[in-house]
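Please examine the model below with its backbone geometry and strand pairing in mind. The paragraphs that follow lead from single residues to larger arrangements.

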Protein chains: 2
Amino acid sequence: MSRIVPVVLCGGSGTRLWPRSRKTKPKPFLPLVGDETMFEATLSRCNDPQRFASPVIVTGTAHIEHVEAQAKDAGASVIVEPQAKNTAAAIALAAHRLAPDAIMLVCPSDHHIADVPAFRAAAAAAAKLAADDWLVAFGIVPTAPETGYGYLKQGEPLGEGRRIERFVEKPDLQRAQQFLTSGEYSWNGGIFAFRAGFFLEELAKHRPALAEAVAAAVAGGEEDGARFHPDAAAFAAIEGESVDYAVMEETDRAAMVPAAMGWSDIGSWAALRDAAGADGAGNSVRGNAELVDCSGVFVDTDGPRVSAIGLSDIAIVVDGDEVLVTTMDGAQKVGKLGGATNQ
Amino acid sequence: MSRIVPVVLCGGSGTRLWPRSRKTKPKPFLPLVGDETMFEATLSRCNDPQRFASPVIVTGTAHIEHVEAQAKDAGASVIVEPQAKNTAAAIALAAHRLAPDAIMLVCPSDHHIADVPAFRAAAAAAAKLAADDWLVAFGIVPTAPETGYGYLKQGEPLGEGRRIERFVEKPDLQRAQQFLTSGEYSWNGGIFAFRAGFFLEELAKHRPALAEAVAAAVAGGEEDGARFHPDAAAFAAIEGESVDYAVMEETDRAAMVPAAMGWSDIGSWAALRDAAGADGAGNSVRGNAELVDCSGVFVDTDGPRVSAIGLSDIAIVVDGDEVLVTTMDGAQKVGKLGGATNQ
């Protein structure tokens, strides 16, 4: 079997990790867990010439400098989206730039995966199913009743995976708890394996306008060294939609492979705290900090010393001229800070 | 009656307001409440030539620069203690430098007093009793069952004040509550009016060794412009003791005047929050800060913007390269931070 082509998506921004994450330097390009940035770690996971080909990176003009600076040794080709149009279009762009029989592995660049061998094993299993024209999602084995994720209900066995019987978006806590207990559901981690040609066929079948617009943008695009610029006018016509809605929930060829690989989308300070490794009291510190009588506290400071006393489940983040102190849940309200997240 | 001589004590340091307060710049010399420092405010309260003479300031070598910079227009004479020997010796030094009939008003320089007219009225009442050879404490009308203060039990009426029947140091909460309810107790705010000569007589009676050592230090001291330097060797022999223990609790001439003047010793972040004036949610902010869903939060930042979300009764202080985040009670444990408070 041919090598898998990593397709790394670098879009979006997200304000949940402000002020560490900023519009000008979003989550993928920050060394949040360990010394590598999450984007670098995404490339490293696929840095195995026996299994993986050179990556295709889909990103926007806002992030191109970070991408090229951090991907410098990966031999990547880079597709520069004129604007963000969600994941269906981004993946379709990459599929157009590959041979129809290429197996593409779609990887978000802002997730943390602790167990790289488990990731690679799941990628190999997914690639096998993709070669047989299944559209394959990684089904993350859930570890908590998360209400913020999409869930996949496992169907009948299929190779090393299963068919997907049903997609469920963001259940309430009670259902999430049932899903967790049942063992029949997985989190949809946004990692997919497709045969490029088959993905484009299914996209054309279920979202013909989107498929045509992407095809036109590619036909009118321009090469510029390792960069490819789709035609901006054609791309602007696209109605942005996630690959989940546009294709995965529509196709009758949806499959999943189970993946227990220490996955986290680092969607909150609590998630970062846990991914970064907490001490016996549940505290996690990055930078110069000292904690007294604290539990479940996350501190990340880029300079000043942080002293914390008597706190529970609080995040303290010092980034340049910004200091954020929030409850773990409170970080969802960062948007209520006037203008803070515009920086 | 002659004018009252303010005797302003500038000693001690205290770590409870670290990192705003440092060894090199302690509490009295910081603009914690309003734009004046607490030392400046102490001088301002007595800046009324009809009632008050020029002040005598007793301080240490460590603080002399702050004192002279901030007292520049007060026409003060400054006694520079070779080392800190607690309040009995400091007050005795000042008494020796005054005429025996001078009425001295001893004022700590790290307290906040919101109601200056009430302070001046109490000073006038105390001065009258002091002229009749009473040793007069300000009895702060208590507003809460504080367990960290000394209490005065009021005795029989005496002019505009009362005799002091008894001193009680730091009661437990139950007793403090009884004291508050009874109406018979006041806080000992460390503000005193004495006739200089009578104070020295009582000191000699109850602490003869201390009185002799101070007299020797003054006899061997040296003038240097507005500064007076007591003899260091003689002063070193002094056993430091508070004026409360050495004189007030020993004398049978202890009196008090009631003072309801918005007093606070700013002994905690909560006290500073309340003295600085809190908003409807009990939050108080100094510097660039924004609060969402917070109550009882105190923020003081000298530069970086602080964003706080979802917090209750937390103090956040940014001072240079130090960031402190603590529960209001937790600040008492600032000494547990390794080395933090040595700066």
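In which loop of chain B does B:D313 lie? In this predicted model, the residue belongs to the loop between β17 (305–309) and β18 (314–319) of chain B. B:D313 is not a glycine, yet its phi is positive, at about 50°. Its surroundings hold 17 or more but fewer than 20 neighbours in the sense that matters here: B:D313 has 18 C-beta neighbours inside 10 Å and therefore counts as partly exposed. A second residue of chain B, B:D293, also has a positive phi without being glycine, with a value near 55°. B:D293 is found in the loop between β15 and β16 (298–301) of chain B, and it counts as partly exposed because 17 C-beta neighbours lie inside 10 Å.

The backbone also contains cis peptide bonds. One joins A:W18 and A:P19, with omega about 10°, and A:P19 is placed in the loop between β1 and α1 (38–45) of chain A. Another joins B:W18 and B:P19, again with omega about 10°; B:P19 is in the loop between β1 (4–10) and α1 (38–45) of chain B.

Strands from both chains meet in an open sheet of six strands with mixed pairing, in the order β14(A)-β16(A)-β18(A)-β19(A)-β17(B)-β15(B). At its edges stand β14 (284–286) of chain A and β15 (289–292) of chain B; each has a single partner strand, so one side of each is left without a neighbour in the sheet. On average, and ignoring direction, neighbouring strands of this sheet are turned by 5° against each other. Within the sheet, β16 (residues 298–301) and β18 (residues 314–319) of chain A are parallel and share four bridges, with A:F298 opposite A:A315 in β18(A).

Elsewhere in chain A, strand β2 (residues 56–60) is largely enclosed by the rest of the structure, because four of its five residues are buried. Four bridges link β2(A) in parallel to strand β1 (residues 4–10) of chain A, and A:L9 has A:V58 as its bridge partner. With strand β3 (residues 77–81) of chain A, β2(A) forms five bridges, also in the parallel sense; here A:I57 faces A:V78. Helix α2 (residues 64–70) of chain A completes a right-handed β-α-β unit with β2(A) and β3(A).

Helix packing can be followed in chain A as well. The axes of α3 (residues 86–96) and α6 (residues 196–206) of chain A are 9 Å apart and form an angle of about 135°; the two helices are therefore oblique to each other. The crossing of α3(A) past α6(A) is left-handed. Residues that meet there include A:I91 and A:A92 in α3(A) and A:F199 and A:L203 in α6(A).

How values were computed. Residues numbered from 1 in each chain as written. Chains lettered and ligands numbered in written order. Predicted model: local features only at pLDDT ≥ 70, side-chain atom pairs only at ≥ 80, totals over all residues. Pairing = 2+ DSSP bridges. Axes fitted to C-alpha atoms, helices over the stretch in contact; angles between N-to-C directions. Buried ≥ 20, exposed ≤ 12 C-beta atoms within 10 Å, placed from the backbone. Right-handed = clockwise from strand over helix to strand, strands pointing away. Parallel < 35°, antiparallel > 145°, perpendicular 65-115°, else oblique. Left-handed = near helix turned anticlockwise from the far one by under 90°. Contact = placed C-beta atoms within 7 Å.
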